[in-house]
Amino acid sequence: MPQSEPSKENQRRTFLLKAGYGAVAAGIASLVPSITGSEARAQNQSSGMIAPEKKVGWAIVGLGKFATQQLMPSFSQCKKSKLVALVSGDAEKAKKYATEYGIAEKNTYNYQNYDNLRNNPEVDVIYIVLPNSMHAEYTVRGAQAGKHIMCEKPMATSVEDCEKMIDACKKANKKLMIAYRAQYEPYNLKAIEMAREGKLGKLRLITSEHGRHLKPEEPSDKWRAQKKMAGGGSLMDIGIYSLQAARYITGEEPEEVMAMIYSDPKDPRFKEVEDRVNFMLRFPSGVQANLSSGYSYHETKRFSVFGTDARLDLDPATDYYEHNMHVATKDAEEQRKIKEDNQFSLEIDHMSECILENKQPKTPGEEGLRDIRLMMAIYESARKGAPVKV
Ligand code: NDP
């Protein structure tokens, strides 16, 4: 890239600053570290319409890339939620972030004393941001400690684990939400509205591709290359966005899936987890979906919705901060602009609202379980080389 050309991160940062996302921009690659700590804390305390003492208290478990770069800075834009506790296996890191976010040292925990959260009345909800295979254990222990649970996608690495998580939260009379951020993001919500209200005509086809390069040399991808920790490869990690898109655009559940998987046997990254997954879904209304995910191609996060009267493209569709909507009809092609918003704050506040008003989250555990069942059927179809009814 020529020196004069801004990097993608800098373009994003400029966009965020223009859009008033100072604190969120602070979370990106620590470009402006001075904003993450005290300013974020100050905004955290002053941003809400609800008095700070009425905000729902959150604990974050697993201080990795996503939690520290996206989620924690986003609390400054929450109106109903405040970050009050941290759980980490790295005491030094927990201390550093506790200081930055104005969290009392007594509110930092590790994986051994995690269950002591039960004695902390400041914490209402626990947000699990751990490697996939750890979601189930920490959800069950969290619910048993009397806390509501928000869990990252994919919900777990098996159907049985998802069921255990749902049962534990029901038994404890606590809410369980899966953090499907795209279902709280304005561009995706607009696409859902247009598709379901017939603005594209009768729906015929959905395509969606999610891809990137797996880099096991980086800490956040090391566990993703291990089947035991990740549960699977590109499908479990990012193919889930393609699957979700087809489900939330149609509002239907597929009846049949068919899949093909390919990983280069010479590529050491794919010794345990799969690279490319192509899968098709057929929905009851007759809509079909051609979906894919991959760990060995250029970053892609998009979907297209084909109706009898129009085609809608969202590209990127599931990025953190930038989305582009293009709509083509027989008369015109146009870019649609919608106000961007911080999807992380929106989803976190949604859970807080559900707790405050005793409502069921829009994306509960059952929604996560559906995806895990479908992904298991996708793997089964690829193994058998035949369609699988679901
Ligand atoms: P990271 O590896 O960056 O973070 C995971 C953290 O979990 C680690 O930093 C560590 O935190 C903790 N941990 C505890 N035990 C282990 C272990 N044995 N191996 C590795 N880490 C361990 O991963 P990500 O932040 O990228 O992903 C975490 C979760 O969030 C995943 O489920 C992923 O699917 C999801 N995610 C969701 C995204 C979305 O857009 N919704 C985007 C990215 C990720 P500590 O040192 O504090 O103990």
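**View 1. Helix α11 packs against helix α13 in this predicted model.** The axes of α11 and α13 (residues 365–384) come within 10 Å of each other and cross at roughly 110 degrees. An angle from 65 to 115 degrees counts as roughly perpendicular, so α11 is described as roughly perpendicular to α13. On the α11 side, look for Leu235, Met236, Ile240, Leu243, Gln244 and Arg247. Their partners in α13 are Glu367, Arg370, Asp371, Ile372, Leu374, Met375, Ile378 and Tyr379. Sorted by class, the residues of this contact are 9 nonpolar, 1 polar and 4 charged.

**View 2. Helix α8 meets helix α11.** Here α8 (residues 186–196) and α11 (residues 234–250) have axes that come within 8 Å and cross at roughly 50 degrees. That angle makes α8 oblique to α11. From α8, the contact takes in Asn188, Ala191, Ile192, Ala195 and Arg196. From α11, Tyr248, Ile249 and Thr250 take part. By class, the contact of α8 with α11 holds 5 nonpolar, 2 polar and 1 charged residues.

**View 3. Helices α6 and α7 pack together.** The axes of α6 (residues 135–144) and α7 lie 9 Å apart, at an angle of about 10 degrees. Angles under 35 degrees count as roughly parallel, so α6 is roughly parallel to α7. His135, Ala136, Thr139, Val140 and Ala143 are the α6 residues in the contact. Facing them in the list of contacts from α7 are Asp161, Lys164, Met165, Ala168 and Cys169. The contact of α6 with α7 divides into 6 nonpolar, 2 polar and 2 charged residues.

**View 4. A cavity sits between two domains.** Searching the whole structure turns up 1 cavity of 30 Å³ or more. The volume of the largest cavity is about 40 Å³. Its lining consists of Ala179, Tyr180, Arg181, Ala182, Tyr241, Gln244 and Tyr248. In terms of class, that lining has 5 nonpolar, 1 polar and 1 charged residues. Domain 2 (50–181) and domain 3 (186–340 + 363–389) both contribute lining residues, so the largest cavity lies between them. Two of the names will be familiar from earlier views: Gln244 also appears in the contact of α11 with α13, and Tyr248 also appears in the contact of α8 with α11.

**View 5. The largest pocket draws its lining from several helices and strands.** This pocket has a volume of about 1600 Å³. It is lined by 50 residues, and the closest to its centre are Lys65, Arg212, Ser220, Arg224 and Tyr320. The elements that give two or more residues to the lining are α1 (8–18), α4 (65–74), β7 (203–213), α9 (219–222), α11 and β11 (296–307). The largest share, 5 residues, comes from α4. By class, the lining of the largest pocket is made up of 18 nonpolar, 15 polar and 17 charged residues.

**View 6. Two cis peptide bonds precede Pro154 and Pro316.** The bond from Lys153 to Pro154 is cis, with omega near -15 degrees. To find Pro154, follow the loop between β5 (148–151) and α7 (159–171). The bond from Asp315 to Pro316 is also cis, and its omega is near 0 degrees. Pro316 belongs to the loop between β12 (310–314) and β13 (325–329).

**View 7. Asn173 has a positive phi.** The phi of Asn173 is about 60 degrees, although this residue is not a glycine. Asn173 is found in the loop between α7 and β6 (176–178). Helix α7 is worth keeping in sight here, as α7 also packs with α6 in View 3 and borders the loop that holds Pro154 in View 6.

Conventions: Residues are numbered from 1 along each chain as its sequence is written. This is a predicted model: local features need pLDDT of at least 70, side-chain atom pairs count only at pLDDT 80 or more; totals for chains, interfaces and linings use all residues. Side-chain values use heavy atoms; hydrogens and water are left out. Axes are lines fitted to C-alpha atoms, for helices over the stretch in contact, and angles run from 0 to 180 degrees between N-to-C directions. Helices (H or I, at least four residues) and strands (E, at least two) are DSSP runs, numbered from the N terminus. Angles under 35 degrees count as roughly parallel, over 145 as roughly antiparallel, 65 to 115 as roughly perpendicular and the rest as oblique. Contact means heavy atoms within 4.5 Å. Ala, Val, Leu, Ile, Met, Phe, Trp, Tyr, Cys and Pro count as nonpolar, Asp, Glu, Lys and Arg as charged, and the others, Gly among them, as polar. On a 1 Å grid over the protein atoms alone, a cavity is a set of points where a 1.4 Å probe fits but cannot get out, and a pocket is an open set with protein on both sides within 12 Å along at least five of seven lines; lining residues have an atom within 4 Å of a point. Grid points are joined across faces, edges and corners, and a volume is the space filled by probe spheres set on the points. Domain bounds come from an automatic or database domain assignment.
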